[in-house]
Structure formats: C-alpha cells, structure tokens
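Visitor: Could you walk me through this structure, one step at a time?
Guide: Gladly; have a look, and then ask away.

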Amino acid sequence: MGNLLQLAFAFVRRDFHIETSYKFNFALQLTAGFFVVALFYFLSLLMDSEASRKLIQRFHSDYFSFVLIGVAATGFLQAGLSGFVDRLRTGMTEGSLEMTFSCPVRPIWILLLPCIWAFFFEALKAFIVVAMGVAVFGANLSHANFLWCAVVVLFTITSYSVFGLLSASIIMVVKRGDPINVAFTAASSLIAGAYFPVELLPSWLGGVAKILPMTYAYDGLRKTLLAGGGLPEIGQDLAVLAGFSLVGLPLAIAAAHYAIGRAKRDGTLGVF
Amino acid sequence: MFAVNSKTLLKIEDVGKSFPARSLIDTLLGRPKRYTKALGLVSFELKAGQVTALLGPNGAGKTTLINIICDLTRADSGSVTVAGLPVPGDSIRAQRQIGYVTTNDRSFFWRLNARRNLEFFAALQGYPAAEAARRSTEMLVRFNLAAAADRPFHTYSAGMKKRLGLARAFLHDPAILLMDEPTNGLDARSTEELLELVRLEVRAAGKTVLWATHRADEVERLCDRVIVLIGGEVYFHGSVDEFAGISKRHMGFVIEVLVQPEDEKQFPALAASLGLEAGARKADGGWGVSGVGDEAKLSAVLAALLGGGLLVRQVERQPEPLHKVFAHLEKTGNTGPGPETAATTSLAN
C-alpha cells in the first residue's frame with residue numbers, strides 16, 4: 001500500500017509539473033469557468049418560474065444553484081473521465097508510454113494512476129466554478145454539507161473509473177475513437193439531469209436515467225450541497241454508485257488487461 | 001575485454017514473432033490474416049559481465065527482440081528468462097533487472113526538466129521520493145548533466161538526451177542493460193563521447209549489456225561478443241575477433257589493368273570468370289575491376305590477369321561495406337568465404 005501511495009504521488013507530481021509548465025493555459029483553465037457560470041446565471045433568470053421551482057423543490061433551491069452544481073459536476077466528471085484517454089494518448093504520442101510500461105509497475109496502475117491528477121485538477125476547477133457562482137452571482141449553498149459531498153465525489157470517481165478504464169481499453173486497441181466518452185457526454189447532458197431535473201424527461205427516458213450512475217452522482221451532489229443532506233438522504237445514491245463500481249470495476253480491469261495483452265501481442269503498445 | 005563469469009543473465013530460446021498485417025478491407029472481405037515475420041526462432045544466451053552486440057541492418061528484428069525481453073511485445077513462441085525470471089510470467093521482477101535505453105528520444109516528458117524526469121522513473125522503479133531524488137542527482141553527476149539538471153528536456157541537445165537515457169537506465173543499478181541503437185542520430189563527436197562514457201560506466205560496473213546496432217565500428221569499440229541478426233534470424237554468434245575474421249575475409253580490392261584495344265571484347269568475360277565486377281574502360285586503356293576476398297584470392301586473381309598477358313597498373317584494398325557482408329551472410333547462411341574458424345557458431349537455418 002505504501003508503495004502504491006508513493007507511486008500515486010509520483011504520477012500526481014509529474015502531472016502537476018507538466019500542467020503548470022503551460023502557465024497561460026493553466027491560468028486560463030482555472031478562470032474560464034466564469035463565462036459558463038455567467039451564461040447559466042442569465043439563462044436562469046429566464047428559466048426561473050413557479051413551475052421550475054416546483055420541479056427542484058426537493059433540493060430546497062433555486063434553478064441557478066441547481067444548474068451551477070450540474071455545470072460544475074459535468075465539467076469535473078467529463079474531464080476526469082476523458083483524463084484516462086487523454087493521458088494514455090499523450091503517452092502514446094509523446095513516446096513515453098512504452099518506457100513506462102517497461103518499468104516494474106503493474107500495467108493497470110499505469111492506466112489508473114495518471115487520472116488522479118486529472119480528477120484533482122478538475123475538482124479544483126469545479127470548486128472555483130461553484131465559488132464564483134456563490135460569490136459573484138449569489139448561488140445559495142448556505143446549507144451545504146461538504147463532508148458528505150466529498151463522500152459522494154469519492155464514490156462517483158470510483159464508479160466513473162469503470163468508464164475511464166473501458167475508454168482507455170478501447171483506445172489501447174483501436175488508438176482513436178472513444179465511443180464511451182461520447183455516449184457519456186450525451187447521457188450526462190441530456191438524460192442524467194446535469195442541466196434540468198430528470199422529472200422533465202418522458203417516462204421511458206426517465207427509466208433510462210435510473211440505470212445511469214451519473215444520475216445518482218448529480219443527485220447526491222445536489223442533495224449534499226444544496227439541501228445539506230447526509231447519509232439518510234444520499235444513502236440510496238451511494239449504494240447505487242458503490243454497486244455499479246463493485247460490478248463494473250472488475251469487468252473494466254479485465255477489459256484493460258485484455259487490451260494491454262492484445263497491444264503487446266500486436267506490438268502496438270506505443271503506436272498511435 | 002570485460003570480466004565474465006559463467007552465470008547466464010539472459011536466455012532467449014526459440015523466440016519467434018510475426019505481426020499481423022491485415023487491412024480493414026481484408027477484414028471486411030473476410031480474407032485470412034496475413035503475417036509479417038519479425039523474428040524466426042532466435043536462441044542465444046548472455047553471460048554475466050558480457051557486452052554483446054546485436055548487430056543487424058534496419059528491420060532485422062533487433063528492436064522487436066528487445067521489446068520482447070522488456071515485455072513490451074509478446075513473442076509467439078519460445079521463452080525468455082532474465083536473471084532466471086520468466087518473461088512474461090514474472091515480468092515485474094524481471095523488469096527490475098533491466099535497464100532499457102530506447103532508440104527513441106521521445107521516451108521522456110518534454111516539459112519536465114531532467115531531474116524531475118529521472119525522479120519519476122526512479123519512483124517507477126520503487127524508490128521512495130527522497131531516495132529517488134538522491135539517485136537522480138547521483139546519475140546526473142555521473143553522466144555529466146548536473147549543470148543542466150533543471151533545464152526542460154526539450155532544450156537538450158541530441159547528445160544530452162542520449163546521456164539522460166543512459167542515466168535513466170543506470171538509475172536502479174540493473175543487472176542487465178538493453179541498449180537499442182543508443183548512438184542513433186548522433187554526430188561523430190557525440191557518438192565518440194557516448195561510446196567512451198558507456199565503455200567506462202559498463203567496465204566500472206561490470207554490467208551485462210546487449211547493444212543493438214547496425215554499426216560494426218561500435219562493435220569493435222565496445223563489445224566482446226557479437227550476434228548478427230538478419231531478417232529475424234541469427235546468422236552469427238561469436239566473439240568480436242571471430243567476427244573481425246569474417247570482415248577480413250570480406251575485404252574488397254580494386255585492380256586497374258591496362259587492356260589493349262584488341263583484348264577489349266574478351267576482357268569482360270575474363271573478369272566475370274574470375275568473379276570480378278568490371279567498371280568502365282578509360283580512354284587511356286585503363287580498366288578497373290573490383291572483387292571481394294582475402295590475400296589468397298587477390299593473389300590468384302592477379303596471377304590470372306598477369307597470366308592472360310594483361311598489365312596491372314594499380315591494386316587497392318578496401319573494407320567491404322557492412323551491408324555487403326550482411327548480404328553475403330544472408331545469402332550463404334555461414335560465416336563467409338574462406339576457412340571457417342572452429343569457434344565460430346553459425347546458428348542460421
């Protein structure tokens with residue numbers, strides 16, 4: 001375990017130094033969320049009505065606060081998820097991937113550990129987005145339960161690692177084209193409730209929303225940050241996310257092992 | 001050249017590898033998979049302390065073989081053991097025994113400085129942060145990079161990049177070094193410096209080295225054993241002296257003879273019968289012919305020319321380019337014309 005932590009730290013340190021070596025881009029990424037927050041703030045003025053308030057009343061919140069969490073979480077989860085593929089492809093194109101695989105490290109860690117920084121950095125950006133929403137545009141997080149929010153984030157990251165590993169496995173073999181990421185982006189935006197409550201969806205699509213882990217991630221985050229929910233309120237969301245991880249992670253790890261083995265057999269580990 | 005003990009550090013046994021070469025159209029049309037052979041059934045052993053050249057032209061299978069040893073590519077057949085550890089069966093422990101120098105400069109993180117690059121790879125070798133930092137500093141000093149340790153990798157010259165590659169390979173004090181064309185892309189001076197550095201470091205540490213190259217001059221400078229790999233097959237495995245013997249037998253010669261106008265028509269046929277390649281006839285009657293062979297062959301050719309009434313103007317000896325030696329080995333499957341030395345092992349076919 002100690003060795004794994006050391007290894008994780010080494011990956012985070014490497015990625016932090018690479019990220020901050022692009023100073024302008026680093027600053028831009030941290031501040032660019034302002035424009036998205038402003039956009040949704042003005043849209044929320046248009047959307048704010050009795051009907052919309054009724055739809056999100058279970059969060060004891062207004063639409064802007066509701067959508068602010070959706071915007072921040074979508075950015076965090078999408079970028080965290082694409083982090084798996086981005087890091088892998090960067091390693092392939094830079095040429096560093098083969099050298100990393102030649103070192104005495106379990107291949108699965110080479111796929112998983114670079115994503116720690118991706119999730120951490122995206123969490124920081126999401127925090128800044130939420131903070132701007134509160135400080136500049138008056139979003140209401142006065143009841144936020146940050147401790148349970150952190151628990152939801154952890155469970156979400158674990159369940160999203162399933163998608164991340166599956167994406168990375170596909171990229172390992174086909175090199176380009178990531179259907180999982182594309183599907184995730186569409187599902188988050190349209191079905192899982194990133195920008196509007198799932199109650200608005202037609203019943204059959206609402207059924208689809210119920211089997212997506214992202215629906216429970218958004219729900220859990222809003223319940224803790226907007227309504228100050230604790231374990232009783234988010235227990236079901238956590239259970240679904242945990243169940244998804246328990247079933248999905250072994251499958252995703254098996255897929256990753258297969259993909260790495262296939263790339264080694266084809267001699268295409270570092271090919272892009 | 002280097003101290004050798006009898007312990008086998010690397011054992012390659014009947015390793016074969018072919019790569020699938022099927023296009024999307026082949027797949028859609030259901031055509032059977034086609035394969036490109038990269039390695040035939042390659043077998044050899046490296047003893048501890050030996051520096052062995054893996055010599056062969058481009059496309060010979062050198063990189064494929066090294067990738068198989070590092071578990072970056074899986075062999076179709078045969079077995080690989082590194083310090084007694086099977087690859088891929090026990091790859092993680094086997095990889096701890098290997099220091100790998102890739103031909104690819106792009107194996108580092110270009111935005112990081114040299115120190116951070118080394119610290120990252122030291123962490124991958126299992127060292128805690130403090131130890132990783134200490135070892136990285138030690139390697140930067142050892143490979144003359146201390147002054148540039150905090151410069152980003154992308155600002156390094158080709159020679160510095162190669163030295164950093166060596167520093168990374170030595171970081172964890174591995175038992176065996178696999179070096180894949182480490183002088184590739186270097187100018188003559190940088191090549192010379194790098195070879196000297198490797199020679200000193202390898203000698204000082206008593207390392208076992210597999211040095212993949214297509215340059216015979218590096219073999220003579222650095223190695224005590226040679227494996228010639230051509231088209232995925234081992235054509236020669238022996239000492240550097242034995243290999244030098246082959247090169248010697250492949251010395252070329254150029255003879256200029258004076259050919260009278262009345263002999264002009266018959267001369268090409270005579271040259272061909274002696275195994276010579278004839279150039280163009282000069283206006284003054286001089287005619288250059290070239291051939292390959294040792295002193296005995298040259299003497300026989302000269303005797304035949306003089307016996308035919310021709311006057312010899314000039315004789316020049318010149319080493320045969322290595323690719324021609326390779327071509328001959330490939331064609332004959334043995335160590336070349338002339339008597340074969342008893343100790344020379346031809347493993348081909």
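Guide: Helices here are DSSP runs of H or I with at least four residues, and strands are runs of E with at least two, both numbered from the N terminus. This is a predicted model, in which local features need pLDDT of at least 70 and side-chain atom pairs count only at pLDDT 80 or more, while totals for chains, interfaces and linings use all residues. Residues are numbered from 1 along each chain as its sequence is written, and chains are lettered from A and ligands numbered from 1 in the order in which they are written.

Visitor: Which helix is Thr156(A) found in?
Guide: Thr156(A) belongs to chain A, and the helices of that chain carry numbers counted from the N terminus. The one that holds Thr156(A) is helix α9 of chain A.

Visitor: Is Thr156(A) buried or exposed?
Guide: A residue is buried if 20 or more other C-beta atoms lie within 10 Å of its own, exposed if 12 or fewer, and partly exposed in between, with C-beta atoms placed from the backbone. Thr156(A) has 27 other C-beta atoms within 10 Å, so Thr156(A) is buried.

Visitor: Which residues does Thr156(A) touch, not counting those up to four places away in sequence?
Guide: Two residues are in contact if their C-beta atoms, placed from the backbone, lie within 7 Å. Leu39(A) is 26 Å from Thr156(A), C-alpha to C-alpha, and 117 residues away in sequence. The residues that Thr156(A) touches are Leu77(A), Ala217(A) and Leu241(A).

Visitor: How do α9(A) and α12(A) lie to each other?
Guide: Axes are lines fitted to C-alpha atoms, for helices over the stretch in contact, and angles run from 0 to 180 degrees between N-to-C directions. The axes of α9 (residues 146-174) and α12 (residues 213-225) of chain A come within 9 Å and cross at roughly 170 degrees. Angles under 35 degrees count as roughly parallel, over 145 as roughly antiparallel, 65 to 115 as roughly perpendicular and the rest as oblique. The two helices are therefore roughly antiparallel.

Visitor: How many residues of the contact of α9(A) with α12(A) are charged?
Guide: Among those that meet are Trp148(A) and Val152(A) in α9(A), and Pro213(A) and Leu221(A) in α12(A). Ala, Val, Leu, Ile, Met, Phe, Trp, Tyr, Cys and Pro count as nonpolar, Asp, Glu, Lys and Arg as charged, and the others, Gly among them, as polar. This contact has seven nonpolar residues, four polar, and charged: no residues.

Visitor: Which helix of chain A gives the most to the largest nonpolar core?
Guide: A nonpolar core is a set of buried Ala, Val, Leu, Ile, Met, Phe, Trp, Tyr and Cys residues joined through C-beta atoms within 7 Å. The largest has 153 residues, and those with the most contacts inside it include Leu68(A), Ile69(B) and Val226(B). With 16 residues, the top contributor is helix α5 (residues 63-94) of chain A.

Visitor: Which element supplies the largest share of the side of chain A that touches chain B?
Guide: The contact takes 26 residues from chain A and 29 residues from chain B. On the side of chain A, α1 (2-21), α6 (96-101) and α13 (231-266) each supply at least two residues. The largest share, nine residues, comes from α1(A).

Visitor: Which strands stand at the edges of the six-stranded open sheet of chain B?
Guide: Two strands pair if DSSP finds at least two bridges between them. This sheet has mixed pairing and the order β6-β7-β8-β3-β9-β10. Each edge strand has a single partner, so one side of each is left without a neighbour in the sheet: these are β6 (98-101) and β10 of chain B.

Visitor: What stands opposite Arg225(B) in β10(B)?
Guide: Strand β9 (residues 225-230) of chain B and β10(B) pair in the antiparallel sense over six bridges. Six of the seven residues of β10(B) (residues 233-239) are buried, so this strand is largely enclosed by the rest of the structure. In β10(B), the residue opposite Arg225(B) is Ser239(B).

Visitor: What is the bridge partner of Thr8(B) in β2(B)?
Guide: Chain B also has an open sheet of four strands, β2-β1-β4-β5, with antiparallel pairing. There, β1 (residues 8-20) and β2 of chain B pair over nine bridges. The partner of Thr8(B) is Lys47(B).
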